[in-house]
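Trainee: Could you take me through the nonpolar core here, slowly? I'd like a close look at that one part, and then whatever helps me place it.

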Amino acid sequence: MSWIRNEELKLSFFENLAIKIIKQGPIPKHIAFIMDGNRRWATKFNLNKSEGHKFGFEKLSEALQWCLEIGIQEVTVYAFSIENFKRSQDEIDTLMGLAKEKFAKVLEEKDKLHEKGVKIRVVGNLDMLPNDVQKVVADAMLLTKDNSKSILNVAFAYTSRDEITNSIKTIVEGVENNELISEDLDNVLIDECMYTNQSSPVDLLVRTSGEMRL
Amino acid sequence: MESMILKAIWFIIHFIVDLIESLFYYGLEFRENFIYFIKNISIDSLSRSKKNELAYIEARINDLKKLPKHIAVILNINNKKDVDLSKLVNLVSWSMNSNVNFISFYDYKGILKNQLASSFHQLIKDKLTLNNDENLVWGPDYNLKASLNEGVEFPHRNGFIKHLVINIYSSYDSYSLFNKLLTDDELSSKDIKIENVNKKISKLYGNIPEPELALYIGKTTCTAGFLPWHIRLTEFIQISYKLKNLTLDKYIRVLYKYAKCEQRYGK
């Protein structure tokens with residue numbers, strides 16, 4: 001199980017052909033994935049929930065590989081919401097453990113990542129994460145910060161309201177510290193203060209499991 | 001040479017898909033017109049007796065386990081002529097009869113809000129017949145009596161059992177209104193938490209609750225920039241490809257779909 005699965009991913013002839021054909025037309029610059037339904041999937045196949053999350057991550061790696069092959073420049077993945085902290089401590093620990101494991105793997109695979117030019121950014125309220133997770137996240141981001149061919153954003157401890165609120169807080173602090181004057185204040189500034197300020201707008205949102213919430 | 005062949009295949013595949021999609025769409029439209037003809041319902045469904053409509057709706061939504069209190073209607077309007085206001089009036093009428101308390105119309109460019117609001121207001125006054133126990137209120141923007149910060153108090157009693165607040169929004173409300181928050185003197189940086197911001201935003205938007213359901217017209221599922229703060233848990237369900245083909249049965253179908261959705265709130 002790894003981030004960039006060069007050797008392991010074998011696309012069939014038709015899959016390769018399909019990718020070649022798709023590349024002939026316009027492709028989205030930025031795709032976002034909301035990974036939903038891991039637990040329901042696990043129950044359906046009589047597995048426990050952590051197995052569900054592991055398989056979910058596997059599938060996500062595949063999807064990221066497809067995106068790289070097609071040439072999508074930016075991919076955002078909604079991995080963990082602040083609302084998910086409401087779950088049982090067991091499950092949170094499993095998810096955090098999975099995250100630590102995967103981010104630590106990034107450090108091991110840095111050559112492949114550099115080769116593919118993948119930059120990893122983690123967006124969200126990182127203060128809410130346990131310290132050891134924060135550390136691996138920071139390491140992964142620092143390691144890949146100079147890559148520029150494609151960007152992977154991982155939304156971790158993220159909700160949109162938190163992002164907006166944080167943005168407003170930054171601006172108000174700026175005003176209090178006299179770094180900003182009232183003429184500067186507009187909604188464009190709010191945009192620029194978000195966790196995701198460096199991202200282009202999302203062209204396509206994929207949500208698994210059939211829910212219609214965006 | 002290879003890329004020319006691939007490009008050709010791309011065109012062919014897209015052509016076939018477009019063809020199938022058009023056939024499907026025209027087939028649907030034909031079927032709807034046919035059903036209209038058979039049922040002999042007049043195009044202006046407002047002329048259907050109000051009592052019948054009320055009974056029809058009540059019967060159909062009786063066994064739904066949940067109903068939305070606030071419905072958002074996301075419209076895709078490019079110019080004034082695209083909009084058939086009488087269809088929107090229908091939506092208002094149907095919502096009133098399904099115990100909806102807030103209905104918000106939205107289009108990104110603000111055509112409804114800036115150019116058609118008074119016609120819409122007038123059409124509702126003329127065409128919508130209200131029973132004695134029904135109350136229709138216009139939201140702060142159009143209601144000169146309610147100032148922006150007070151919003152509309154809810155629930156109004158005054159003897160009314162059914163109560164519907166109408167709001168019309170545009171991208172201005174989604175984004176520019178936030179500037180008022182930034183220049184709010186009462187907020188200092190240590191106070192800024194999600195709950196406080198939420199309270200301020202509520203006041204700014206006339207205390208409307210979050211929409212549980214957003215109906216959209218057209219092919220694309222997209223929030224179109226509708227009130228980003230309010231839609232974190234909103235279900236987006238397509239009601240009709242085109243506004244002109246909007247029918248009561250489509251509305252009821254959406255309510256059924258909404259009732260089936262499970263909301264876990266992150267747990």
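Mentor: Sure, let's start inside. The largest nonpolar core has 44 residues, and those with the most contacts within it are B:Leu88, B:Leu91, B:Phe105, B:Phe120 and B:Tyr251. A nonpolar core here is a set of buried Ala, Val, Leu, Ile, Met, Phe, Trp, Tyr and Cys residues joined through side-chain atoms within 4.5 Å. Buried means under 20% relative accessible area, exposed means over 50%, and partly exposed is in between (1.4 Å probe, protein chains only).

Take B:Tyr251: skipping neighbours within four places in sequence, its contacts (heavy atoms within 4.5 Å) are B:Ile71, B:Leu91, B:Trp94, B:Ser95, B:Ser98, B:Val100 and B:Ile239. Apart from this core lies another, of 34 residues, with A:Phe80, A:Ala99, A:Phe103 and A:Leu129 among them.

Before going on, keep in mind that this is a predicted model, where local features need pLDDT of at least 70, side-chain atom pairs count only at pLDDT 80 or more, and totals for chains, interfaces and linings use all residues. Residues are numbered from 1 along each chain as its sequence is written, chains are lettered from A and ligands numbered from 1 in the order in which they are written, and side-chain values use heavy atoms, with hydrogens and water left out.

How far can you trust it? The complex gets an ipTM of 0.81 and a pTM of 0.83 from the predictor. Chain B has a mean pLDDT (the predictor's confidence in each residue, from 0 to 100) of 80, with 86% of its residues at 70 or more. Go easy on residues 43-47 of chain B, where pLDDT stays under 50 and the model has nine contacts beyond four places in sequence. Residues 144-151 of chain B also stay under 50, with 12 such contacts.

Now zoom out on chain B. Of its 267 residues, 46% are buried. Among its contacts between residues at least 6 apart in sequence, 76% join residues at least 24 apart. Chain B has nine helices and six strands; these are DSSP runs, numbered from the N terminus (helices H or I, at least four residues; strands E, at least two).

For contrast, look at B:Leu23 in helix H1 (residues 2-39) of chain B. B:Leu23 counts as exposed because its relative accessible area is 61%.

Last stop, chain A: A:Asn84 sits in the loop between strand S2 (74-81) and helix H4 (89-108). A:Asn84 has 9% relative accessibility, so it counts as buried. Beyond four places in sequence, A:Asn84 touches A:Ile92 and B:Gly266.
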